[in-house]
Amino acid sequence: MGAINPRHIVAARDLRKRYCRRTQVGASPGTLVADPKAQVSTVYLVSYDTSQFFEKNDLSAEEISVLKGRGKNLWIEVVGLANVTIIQHIGAQFGMHSLAIEDVINTHQRPKMEAYDHQIFIVIRIPSMASGVKLRQLSILLGNGFLLSFRDDVDEYLNLVRDRIRWEIEEFRQHGLDYLAYTLIDTVIDSYFPILEAVGEDLERLEEAVILHANDEQIYEIYRLRCDLLDLRRAIYAQRDMVKSLINDDSRLITDYTKIFLRDCYDHLAQLVDIVDAELEIASSLLEVCHFFMSARMNDVMKTPTLIATIFMPLSFIASLYGMNFDRSVSAWNMPELGWRYGYPFSLGLMAVCGIGMLIYFLCKHWIKPPKVKRRR
Amino acid sequence: MGAINPRHIVAARDLRKRYCRRTQVGASPGTLVADPKAQVSTVYLVSYDTSQFFEKNDLSAEEISVLKGRGKNLWIEVVGLANVTIIQHIGAQFGMHSLAIEDVINTHQRPKMEAYDHQIFIVIRIPSMASGVKLRQLSILLGNGFLLSFRDDVDEYLNLVRDRIRWEIEEFRQHGLDYLAYTLIDTVIDSYFPILEAVGEDLERLEEAVILHANDEQIYEIYRLRCDLLDLRRAIYAQRDMVKSLINDDSRLITDYTKIFLRDCYDHLAQLVDIVDAELEIASSLLEVCHFFMSARMNDVMKTPTLIATIFMPLSFIASLYGMNFDRSVSAWNMPELGWRYGYPFSLGLMAVCGIGMLIYFLCKHWIKPPKVKRRR
Amino acid sequence: MGAINPRHIVAARDLRKRYCRRTQVGASPGTLVADPKAQVSTVYLVSYDTSQFFEKNDLSAEEISVLKGRGKNLWIEVVGLANVTIIQHIGAQFGMHSLAIEDVINTHQRPKMEAYDHQIFIVIRIPSMASGVKLRQLSILLGNGFLLSFRDDVDEYLNLVRDRIRWEIEEFRQHGLDYLAYTLIDTVIDSYFPILEAVGEDLERLEEAVILHANDEQIYEIYRLRCDLLDLRRAIYAQRDMVKSLINDDSRLITDYTKIFLRDCYDHLAQLVDIVDAELEIASSLLEVCHFFMSARMNDVMKTPTLIATIFMPLSFIASLYGMNFDRSVSAWNMPELGWRYGYPFSLGLMAVCGIGMLIYFLCKHWIKPPKVKRRR
Amino acid sequence: MGAINPRHIVAARDLRKRYCRRTQVGASPGTLVADPKAQVSTVYLVSYDTSQFFEKNDLSAEEISVLKGRGKNLWIEVVGLANVTIIQHIGAQFGMHSLAIEDVINTHQRPKMEAYDHQIFIVIRIPSMASGVKLRQLSILLGNGFLLSFRDDVDEYLNLVRDRIRWEIEEFRQHGLDYLAYTLIDTVIDSYFPILEAVGEDLERLEEAVILHANDEQIYEIYRLRCDLLDLRRAIYAQRDMVKSLINDDSRLITDYTKIFLRDCYDHLAQLVDIVDAELEIASSLLEVCHFFMSARMNDVMKTPTLIATIFMPLSFIASLYGMNFDRSVSAWNMPELGWRYGYPFSLGLMAVCGIGMLIYFLCKHWIKPPKVKRRR
Amino acid sequence: MGAINPRHIVAARDLRKRYCRRTQVGASPGTLVADPKAQVSTVYLVSYDTSQFFEKNDLSAEEISVLKGRGKNLWIEVVGLANVTIIQHIGAQFGMHSLAIEDVINTHQRPKMEAYDHQIFIVIRIPSMASGVKLRQLSILLGNGFLLSFRDDVDEYLNLVRDRIRWEIEEFRQHGLDYLAYTLIDTVIDSYFPILEAVGEDLERLEEAVILHANDEQIYEIYRLRCDLLDLRRAIYAQRDMVKSLINDDSRLITDYTKIFLRDCYDHLAQLVDIVDAELEIASSLLEVCHFFMSARMNDVMKTPTLIATIFMPLSFIASLYGMNFDRSVSAWNMPELGWRYGYPFSLGLMAVCGIGMLIYFLCKHWIKPPKVKRRR
């Protein structure tokens, strides 16, 4: 058995549990319990229109109330979900439904789009890869004149969005907050591509390894990759449905201009669906092929010794035969060969005939290959 | 063969039979035959609105008739389904269809939502886990001003609902009976999460066990888990359809306010669908991987002895050869080696050359690994 | 190889052929050829309304013409499909379409519901179990004021329906013929439950047998059960579609009152779908598990002998070694061990060291278990 | 390895290529290239209404122009597709679209129904069975007052249709050409039943063979049957869609009277779908079962020799032991057994104890069965 | 293990990476980065109507602006996608959306049809086969009075289209640019047929090879073919949806005349779907069959030696037995056989009886076949 890395098993355990943490059964809906591993919340505010750009980091609850009215497009970003009271306060300020706030805190939601009165609530999952795929949650509330976004971890790609707002006046600031929502979604979805590319490279590496020397370690690795791909597929499919809902949404929060870009986003998701399905199919085939190669290898290992043993079997028998101690002095019938002049060469010849005869038989049956061919391999 | 626990087999037998008990073929619809294992019925009554809360336990049939008109929202809970007459009496009091009463008694219904005139009849299944998954039935009849609920077992989570009615005036008592129905459904659905989490932990445990030492006991355990998951999936899918029907229901029994909460409930069911499907896929893969690991292990066990036997085969042959009794006195051709001065060392050397030669051949073929590597494993 | 019962094979052959008997290719539609195995036709007549009940058995063709106008609800039941002319005569009397008459005679129709002008033609299949599942055909024609039913075999459950008409005035006779059609359908569908229960018990029995002693007889049995389940599933799915069509039918032949009962019937079919799908999934898993257990058992059988052989290999070699006949008189180099004082004990010790060393190696590798554990098994 | 018939392989090669022959890539649509294997075209004409019947065989292109206006219902049948110009001429006469003519010539179309202005173009595939399933094309153009049909081979069933027109005045000639189209379609579809029945019989034969003596020849046969069934399924499904389209067609070319018959035809196709799906599922299961039986058989073959070898291993060891040549004259320690009075019987007894002990161990482990049971098999 | 060609592995690596190259995550949509492997762009212009035909190769950006107004139907073809500025310039000239231009440059789009205002943007993939399937992108923008097409490679089939425009006045030049778009699509789709035919031939070749001598090289080849087929299937399915969208398009850019041809194109895609699905099913079956045949072969190889070894086992035992050195001089009990007159012939006879007995037993069990049958194979 190959040496399966125990760290991998731990990672797998971690991975699967992420679905299940929830508030206690029987609690009233809207009960808020922060994840004990969540990070301290920091609030960022960006306010912009074509003519101006204003930003402030690390806001307190009061500052939010003050700055709320300011600017045409208000983006409040909460990074870290440990401080439930701040999140609740912000939610209350902007008329967020209690179920939406609950979904922000319980970061095990599947990607979805929910329409409340004059508000759209979006959940997407940000992928990352470190000893197995992880999918963190980004929640977005798009309302009239404001956009709230909540996430637990710092993500390098999402931080680039603020720079784009700052510098891209024509391309960005002249569009509304729906374009900002699109940008956030698009950035997250684009970050699935390098993840799937990495998985694809792993599959290639495994494919080569399987061909060269199939073993059970590879079976476990392919199995783990398959589990990761199943997780990714689930997220990608749900996200595709979510973007579809956004495109079909008939509230006035999303303009036709943005919908063309969302259609592009949907197209990327269709591509992701293609890639993830292809990789899943390849992983499944590879698992099977790996098993086939392992048994082919094993057959190879078993065949040669078995044939060697078979060739020596009659030779040993002949040797044993002439090792018998029948008393030649009693009668001429008892092992006269032992007394022959060429008895020993005769017995050696008999063995040679047996052995070579079997070799030829095995060669004719194609059970063994002539040595030349063997050397070439 | 591993030692399969016979208790498990009995549990499995129990499990599968739960589908099939029904009234006799050919009986007229609406025939009521209590399950011989059903518990004695106890009737609880709760009546509430924003201003008042009234409750009474262990009601007799007459008391129900008296208390029927009282209060705005009337909840009658029947725990234990043995007393068919009481259930029939209650059903008659509230104009319940005979088929609905039959479904209450025959606790093998699949989750469903059925609209009768001015009434909604709901069946959901409460999961529990003890040597295999069990799914008990909760039947709800939501009418104008009353809600009847029927179940056979005491469930700890459902008992919490009455407390919530008693104490949560703002959050609960100001809403109608549709909100109570939602609360019951939500409580049941939330209780699927710990069950699936337990199954997930079993799968993790099995995954580790398979990697360390794959055997046929694990195959049976995974097979049993798969059967359990198939049962759970069936219930979850049917429940999702049922909640969908409730959301789309256009009778006036369910308010828009409650429908937002039912949508949240639907979302939880979508999450459950994701989890149960993922676990099923993992279980199927694991079954296959377990088989692959078992045959890999077996190959490992068979390979080394076979190679050892192959190495000793020619050595034994040489030893047998020089054990032959040809009469050296007859001619110089008969086994002259026996009379050589270094005949014995020569034969030992011949054996050593054979044995080491084969070892090197096997090492070159990668059929055996050098001892260093073996020790590291 | 296990002893496969040849009677089973014959049963299987019978089973699969039932699909294919049809009138000759190229014949005009409506050509009537009775099945050579069909039974002699007997015609029963029941006429009823709330106030009266009239029945007559073994009618001739003329009597039907006479009795046709009599009574509000007329039910003519034909048991045995050999007499094509009688069936044709009855069909003509009630304006039955030629294709419907053809479907009555050719009892290989799949369950279906077909609407003709003012008539509904229904085909359902009655299950029975005797060395494999059999599905016989029941054809129903529901018209205005009459219901014709045709079947080949006597079915005990269907005979109960006439008793219900006779005795249940309130519950039965006050409803129209659509309720009678429902009763016939419901009775047939209910008879699927015991069949599936029997299959479930077979599966349980096989599951236990597989765990205790997997062999190829079980593989064949599971394979046959799977074939039976596939047949049942096909019939159940088609019947579900058929009942769905009846519920959605907008002719006036089926009242809303009956449709509620048909919905209950649909519900039973949904349950049957659940059960048959579950049993199919279990059968498929079991087939795989049985194969896995067989190879696990085989591995077990092969492992111990191989290890025993491996342990004796070097021992035999040592014994052969000292069986060589090198001439000790020629030189001191030739097998001095033979002349040692403790040569024999030394050689025995050498063998013991070899044998025990290999045993320990195998134990460390977990290839064999210490004898204690073995005894517990 | 079994002796796979090389003729089968050739048949398979033939079979699969039939999809792919087409006009050159880049050619303009409507380019007509006759299949080099096509037969010489013969044109038949039938013209009929209730009062008259006229037929003429082997028409030339001019005669068609002349006879075109004659009779109410004109059926022109072209058998053999080699003469492209005649087909083109007929097509031009009746205003056939160039794409439809191309589809007539390229006989690799899938079954389909295409509506052109005032014309319906139908493609169906006629099955035949000779060392693998073959599906030949029948193209039908139904227009106002004419029906053109094109096929390459003579089909015995289709020739019967003309006889029916000639003799069945009431049943046939009083209906329009849509009824003729239905008759042609129905005749073709009915000819699938004997084919599937033959495949079913092959499956039964293989099932019996697998149970008696599973080998790799059967695997290949099942694999080939599965390929045939996949081809048939594809044709049947496409034909079902085609008949569905005809039933839903709202051009006036098909009367309601004929649509009832087409519905019957659709029903037959649904039956065919059931049969072909059932047979495919049985073939897939059988392939798996055959593999399982083969490995069960192999295990059986390997088990007994392995156990025999294991029993003889220690016996041979004991024999070798007392064949050692230690010098008994040197010390009393050297093989004193050889000098015992009952040394030889003692050694034989030792061997007997070893051998019988192992036999009993194997019997207890159920690795071998007592000889009685073996004989029964 | 067979000798897997390492060049194949490299090809596979190349193949799978084609999905994933994209602009950097977080970049604004519409960012244009040319593929470093793209070819230098060359611009071709064709302008035609019924009366005239004008063509110019290797245009510069300015010439495009000048020639833009000229002619009724303007087709600008860009071959080679390295010069982003030229493509951007052309796009700007014709009012192409920035997302469409991005899709032209990033040649990893899936086949799709996107409607912009007064423009239709189409992506299709051109298949080619050289050590694995490659799918290159062809982008088409159909606007009012112009058609732009972009592709990276020279394709022989597409070059034929310009010749058709030049020479086919009636058939081609009298139709609009939508017919040109159809022609391009049809040409690409027709080029899938020879590719699938080649894959089908590979499958046939592999099928024969598997039957004659199943080995692991074939497993790898079938696995690679399956991967190729999955790629092709994905492209074909997406293209079918795309053509469907074009047929259902209600902009005025596509005439009803062209839609009939597109329907033909859709039909070809349906045929391709049939072929690719059939080939995938065959490839999957073949993989399984190959594994079955390999294990059947292996069984064959293992069976004979095992049986030979089993036959020699008791013979060797007897020989060893009479090689024991018990001292016959001590007592008459010690190996009296050695002193028998016919001791040696007796022992030889014993061996013969043993050996022939076992042979007969094996023959009766059908474990070995009589030599005659063996020779025939």
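In the predicted model, six salt bridges are counted between chain D and chain C. One of the side-chain pairings across this boundary joins Arg234(C) to Glu281(D), which meet in a salt bridge with an N to O distance of 3.7 Å. Polar contacts were also sought across the interface of chain D and chain C, where the rule finds 20 residue pairs, both members being at pLDDT 80 or more. On the side of chain D that touches chain C, at least two residues each are supplied by α5 (156–167), α7 (177–190), α8 (192–213), α10 (256–321) and α11 (343–364) of chain D. Of these elements, α10(D) provides the largest share of that side, amounting to 34 residues. By residue class, the side of chain D that touches chain C divides into 36 nonpolar, 16 polar and 21 charged residues.

The extent of this interface can be given both in residues and in area. The contact involves 73 residues of chain D and 74 residues of chain C, and the area buried between chain D and chain C is about 6,800 Å², with carbon and sulfur atoms giving 64% of that area.

The geometric relation between these two chains was examined by superposition. Chain D is superposed on chain C by a rotation of 72° with 0.0 Å of shift along its axis, at an RMSD of 0.1 Å. Among the residues of chain D, Gly323(D) comes closest to the rotation axis, its C-alpha lying at 4.7 Å. The copies use different surfaces in this contact, in that 14% of the contact residues of chain D recur in chain C.

The pairing of chain E with chain D was described in the corresponding terms. A rotation of 72°, accompanied by 0.1 Å of shift along its axis, superposes chain E on chain D with an RMSD of 0.1 Å, and this is the relation of a five-fold axis. In chain E, the C-alpha nearest the axis belongs to Gly323(E) and lies 4.5 Å from it. Only 14% of the interface residues of chain E are also interface residues in chain D, so the copies meet through different surfaces.

The contact between these two chains takes 73 residues from chain E and 74 residues from chain D. Together, chain E and chain D bury about 6,800 Å² between them, 63% of it on carbon and sulfur atoms. The salt bridges between chain E and chain D number six, and the side chains of Arg234(D) and Glu281(E) meet in a salt bridge at 3.8 Å, N to O. Across the interface of chain E and chain D, 20 residue pairs are found in polar contact, with both residues at pLDDT 80 or more. The elements of chain E that give two or more residues to the side touching chain D are α5 (156–167), α7 (177–190), α8 (192–213), α10 (256–321) and α11 (343–364). The largest share of this side, 34 residues, comes from α10(E), and the residues of the side of chain E that touches chain D comprise 36 nonpolar, 16 polar and 21 charged.

The organisation within a single chain was considered last. For chain A, the domain assignment gives domain 1 (30–293) and domain 2 (322–377), and the C-alpha centres of domain 1 of chain A and domain 2 of chain A lie 77 Å apart.

Note on methods: Residues are numbered from 1 along each chain as its sequence is written. Chains are lettered from A and ligands numbered from 1 in the order in which they are written. This is a predicted model: local features need pLDDT of at least 70, side-chain atom pairs count only at pLDDT 80 or more; totals for chains, interfaces and linings use all residues. Side-chain values use heavy atoms; hydrogens and water are left out. Copies are superposed by least squares on the C-alpha atoms of residues with pLDDT of at least 70 in both. Contact means heavy atoms within 4.5 Å. Buried area is the accessible area (1.4 Å probe) that two parts lose on being put together, summed over both. A salt bridge is a side-chain nitrogen of Lys or Arg within 4 Å of a carboxyl oxygen of Asp or Glu. A polar contact is a pair of N or O atoms within 3.5 Å; within protein, one must be able to donate a hydrogen and the other to accept it, and residues adjacent in sequence count only if both atoms are side-chain atoms. Helices (H or I, at least four residues) and strands (E, at least two) are DSSP runs, numbered from the N terminus. Ala, Val, Leu, Ile, Met, Phe, Trp, Tyr, Cys and Pro count as nonpolar, Asp, Glu, Lys and Arg as charged, and the others, Gly among them, as polar. Domain bounds come from an automatic or database domain assignment.
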